[in-house]
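Here is a friendly walk through the aromatic rings and the DNA contacts of one model. Have a look at the structure first, and then read on.

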Number of protein chains: 2
Amino acid sequence: MWHSYRMERKPNILIVEDEKEIAKFIDLELQAENYETVVTFDGVTGLSKFRELNPDLVILDLMLPVLDGLEVARRIRKTSNTPIIILTAKDSVDEKVTGLDSGADDYLVKPFSIEELLARVRAHLRRVNPAVTGEVRVADLVMNLDGREVFRDGRRIELSAKEFELLELFARNPGKVFNRFEIEEKVWPEYTGGSNVVDVYVGYLRRKLEGEGERRLIHTVRGVGYVLREE
Amino acid sequence: MWHSYRMERKPNILIVEDEKEIAKFIDLELQAENYETVVTFDGVTGLSKFRELNPDLVILDLMLPVLDGLEVARRIRKTSNTPIIILTAKDSVDEKVTGLDSGADDYLVKPFSIEELLARVRAHLRRVNPAVTGEVRVADLVMNLDGREVFRDGRRIELSAKEFELLELFARNPGKVFNRFEIEEKVWPEYTGGSNVVDVYVGYLRRKLEGEGERRLIHTVRGVGYVLREE
DNA sequence: TGATGCCTATGCACGTTCTCATCAGCACAT
DNA sequence: ATGTGCTGATGAGAACGTGCATAGGCATCA
């Protein structure tokens, strides 16, 4: 069911860290910030938990039993772009560079400040998970999902319910081309097609979003459907 | 090495830094890594350059004349989600937290290692590109299947639906020779031949893909059919 | 009852698809 | 080489379909 995605769940964070006290410490702090957490103590378990849970973010130590942290990062990156924050005692520039180039998004050196870690977690989640801020951002478009507000380039735009749902679908999948069938299925469920609702609503959105001489947001892909692209 | 079709062009980086020697230094290093750069020395100019250029990433000092760096970050975030790396001498935890919570994606303290900065730039740029799952690359041709986009040598190519399907067939099987019957079967099913549609469409593709003096992509195998080969 | 939102229906404009006829060029035999 | 026959390339244009704007009907809500 499409509408379930507005259900605001707690962001899920996977911690892979073999020093048990540190793991416990981070775990508690994250829970206090209202995140859902899972802790594992070695690379292999970490990787399998990752695949099982598909968390919103991973905090990863480098010196791990069984499977090295860098390798964990690389394997995760093979199939996912979930943010990875490396948290380690290895503080040389070379190690930082290798860590980041292995697919990590951030690299924090122990001993670290928990406040900084939390701020970095927020920064990464903000980008990935609208649940955190309730916001989706694409190009110069900002959608506030809780408040059902839409801004383009700072100016507020009034949308009806359906218009908002349609735009939300596009905004959550920028760059993906949807055909009319997919769109109807998601925005107009319990609905037997046979009309051009989609076209009409795309028209409504364009009229409201694209002021005089403004960049086009929703592009037509003739013979296929529509995309939201920044261009 | 860019990991996405969108990065076929040089990524554009805006540097906002008032210490001229540092700015120059970063600028040169980034250019050596094949980025396009623009340098500004105060907050207001930085912001207006940002709006003018819409860069792929911003490197931002905090202590700036005219308009404070934090304020610049906040204003950028109002309308955009371009990655921002704060680069500053302010090294307290509080300042880091404030910086990250103001919308920055990363926070690096001076004196910094240029290698680390470059690695972080790479990490952020990598992440900005929407993970393009269905991406096919052959020679200097990039097809984004989700987005139904085609690029050759960085420049975007507009294809009609049928043209795209035909090219997709070739691109998924580079080096394989297809005869006309196979092609009709896959791209024109429910279709009883008797014409030279295939030839015509190959012609269309060639016209669009192969600019003046450019390498040939779709080769004719006389008496048999066509192949996509890099040569 | 007036305003707003949701959806259907219609007609026009234009891009796309495909056919057909003709032209170009390669391959092979002489 | 040269001609001959055949294959592939290309241009023109007809038929078709898609997308878009617009208008109107119906329901809901104030």
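## Contacts with the bases and backbone

A polar contact is a pair of N or O atoms within 3.5 Å. Please keep in mind that this model is predicted. A polar side-chain atom of A:Tyr204 is found 2.6 Å from a base nitrogen of DNA strand C. In chain B, an N or O atom in the side chain of B:Tyr204 lies 2.5 Å from a base nitrogen of DNA strand C. The side chain of B:Trp188 has an N or O atom 2.4 Å from a phosphate oxygen of the strand.

## The surface near DNA strand C

Which residues come nearest to DNA strand C? Of the 24 residues around the strand, they are A:Ser160, A:Tyr191, B:Ser160, B:Trp188 and B:Ser195. On the DNA side, sugar and phosphate make up 69% of the atoms of DNA strand C that come within 4 Å of the protein.

Both chains take part through their helices. Helix H7 (161-172) and H9 of chain A, along with helix H6 (161-172) and helix H8 (197-209) of chain B, each supply at least two residues of this surface. Sorted by class, the surface near DNA strand C has 14 nonpolar, six polar and four charged residues.

## Aromatic pairs in chain A

A pair of aromatic rings is described by the distance of the centres and the angle of the planes. Counting over all chains, there are six aromatic pairs. One of them joins A:Trp188 and A:Tyr201, edge-to-face, at 5.4 Å centre to centre and with 65° between the planes. A:Trp188 sits in the loop between helix H8 (180-187) and helix H9 (197-209) of chain A, while A:Tyr201 belongs to helix H9, so this pair ties together parts that are 13 residues apart in sequence.

Are these two residues, A:Trp188 and A:Tyr201, buried or exposed? Both A:Trp188 and A:Tyr201 are buried. Ring pairs also bring in A:Tyr204, linking A:Trp188, A:Tyr201 and A:Tyr204 into a cluster. A:Tyr204 is also the residue with a polar side-chain atom 2.6 Å from a base nitrogen of DNA strand C.

## Rings and lysines in chain B

The ring centres of B:Phe170 and B:Phe178 are 5.9 Å apart and their planes meet at 70°, so this pair is edge-to-face. B:Phe170 is buried, with a relative accessible area of 0%, and B:Phe178 is buried too, at 1%.

B:Phe178 has a lysine for company: B:Lys176 lies over the face of the B:Phe178 ring, 4.9 Å from the ring centre. Elsewhere in chain B, B:Lys20 lies over the face of B:Phe41, at 4.6 Å from the ring centre.

Note on methods:
Residues numbered from 1 in each chain as written. Chains lettered and ligands numbered in written order. Predicted model: local features only at pLDDT ≥ 70, side-chain atom pairs only at ≥ 80, totals over all residues. Heavy atoms only, no water. Phe/Tyr/Trp six-rings, centres within 6.5 Å; stacked < 30°, edge-to-face > 60°. Helix = DSSP H or I, 4+ residues; strand = E, 2+ residues; numbered from the N terminus. Buried < 20%, exposed > 50% of the residue type's maximum accessible area, 1.4 Å probe, protein only. Lys NZ or Arg CZ within 6 Å of the ring centre and 35° of its normal. Near = heavy atom within 4 Å. Polar contact = N/O pair within 3.5 Å; in protein donor to acceptor, adjacent residues only side chain to side chain. Nonpolar A, V, L, I, M, F, W, Y, C, P; charged D, E, K, R; others polar.
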